[in-house]
Amino acid sequence: MDAIAICSNTIHRVLDEPSILKSLKAPVIHIGDCVAERIAQLGLKRVGFLGTKFTMQEEFMLAHLKKSGAEIYVPPEAQWDRINSIIFDELCKGAIHAGSRDFLLAVISDMVERYHIQGVVLGCTELPLSITKEYQLQYAFDHKQKYSEEFFFLDSEKIHLEALLKFCIDGVL
C-alpha cells in the first residue's frame, strides 16, 4: 500500500487545499495527526507549540494537534519573529547558537508559567538541532524538580518518522 508523507511541518499547509487533497491517489500520513496521537497517548491536556511564524499563526497544523483533545498554545506573537529568525537564519544554515537555544528554552518556560503546559511540540524539523536531547532531558529534570510533574518534548519529525516506519512494517495507517 502506498501513502504520502510530507516531512516538513510548514509545507503541510498545502493539504488544506481541497483541490490538492482530491487529486491525491494515496492516503496522507499527516505529521499533525501523528503528533496529536502521541499527545493523546501521553494524556496531555495543555501543550505548547513552537514552529515557524507561519505555522504558529495559521490553523493548518494547530487544528490537527487539537484533535488530541489537548489545548494547544503558541508563544506570544511578540516572540514569533525571533523564533522564525532562529529557524531560518541560523538552524537552516547549520548555525547553532547557545543564546538562541537559551531564548527558545525561555519561551518554553514562559509558556509553562502562562499556560501551565505539560509539554511542547517542536513543530519545526530544525528545532531539535538547537534543543538537543541533552537539553530536553535537563529541562525535563529541572521541571520535575520545580513542579513535581513530567514535562514532554514532542519532536514532530521523530514522531512522524516512527509512524512512517510503522506504516512501512505493518501497512496500517
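I take a cavity to be a set of grid points where a 1.4 Å probe fits but cannot get out, with lining residues having an atom within 4 Å of a point. The model I am reading is predicted.

**Entry 1: the cavity**

I looked for cavities of 30 Å³ or more and found one. I noted a volume of about 30 Å³ for the largest cavity. Which residues line the largest cavity? I listed Cys7, Ile31, Thr125, Glu157, His160 and Leu161. I then asked which helix gives the most to this lining. Helix H9, residues 156-170, does so with three residues. I also sorted the lining by character: three of its residues are nonpolar, two are polar and one is charged. Glu157 is the charged one, because Asp, Glu, Lys and Arg are counted as charged.

**Entry 2: salt bridges in the whole structure**

Next I turned to charged side chains. Side chains of opposite charge can pair when their charged atoms come close. How many salt bridges does a search of the whole structure find? The search gave me nine. I followed up some of them below.

**Entry 3: Asp110 and Arg114**

I looked at the side chains of Asp110 and Arg114, which meet in a salt bridge at 2.7 Å, N to O. Where do these two residues lie? Both are in helix H6, residues 98-115, and they sit four residues apart, about one turn of the helix. I checked their accessibility too. Asp110 has 22% relative accessibility and is partly exposed, because buried would need a value under 20%. Arg114 is also partly exposed, at 47%; exposed would need over 50%.

**Entry 4: Glu150 and Lys144**

I found another salt bridge between the side chains of Glu150 and Lys144, with 2.8 Å from N to O. Are these residues buried, partly exposed or exposed? Glu150 is partly exposed, with a relative accessible area of 44%. Lys144 is likewise partly exposed, at 37% relative accessibility.

**Entry 5: Lys66 and Glu59**

I recorded a salt bridge that joins the side chains of Lys66 and Glu59, and its N to O distance is 3.3 Å. For Lys66 I have a relative accessible area of 40%, which makes this residue partly exposed. Glu59 counts as partly exposed as well, with 42% relative accessibility.

**Entry 6: a network**

Last, I looked for salt bridges that link up. Which residues are linked in a network of salt bridges? I noted Arg38, Lys158 and Glu162.

Terms used
Residues numbered from 1 in each chain as written. Predicted model: local features only at pLDDT ≥ 70, side-chain atom pairs only at ≥ 80, totals over all residues. Heavy atoms only, no water. Salt bridge = Lys/Arg side-chain N within 4 Å of Asp/Glu carboxyl O. Buried < 20%, exposed > 50% of the residue type's maximum accessible area, 1.4 Å probe, protein only. 1 Å grid on protein atoms, 1.4 Å probe; cavity = no way out; pocket = protein on both sides within 12 Å on 5 of 7 lines; lining within 4 Å. Points joined across faces, edges and corners; volume = space filled by probe spheres on them.
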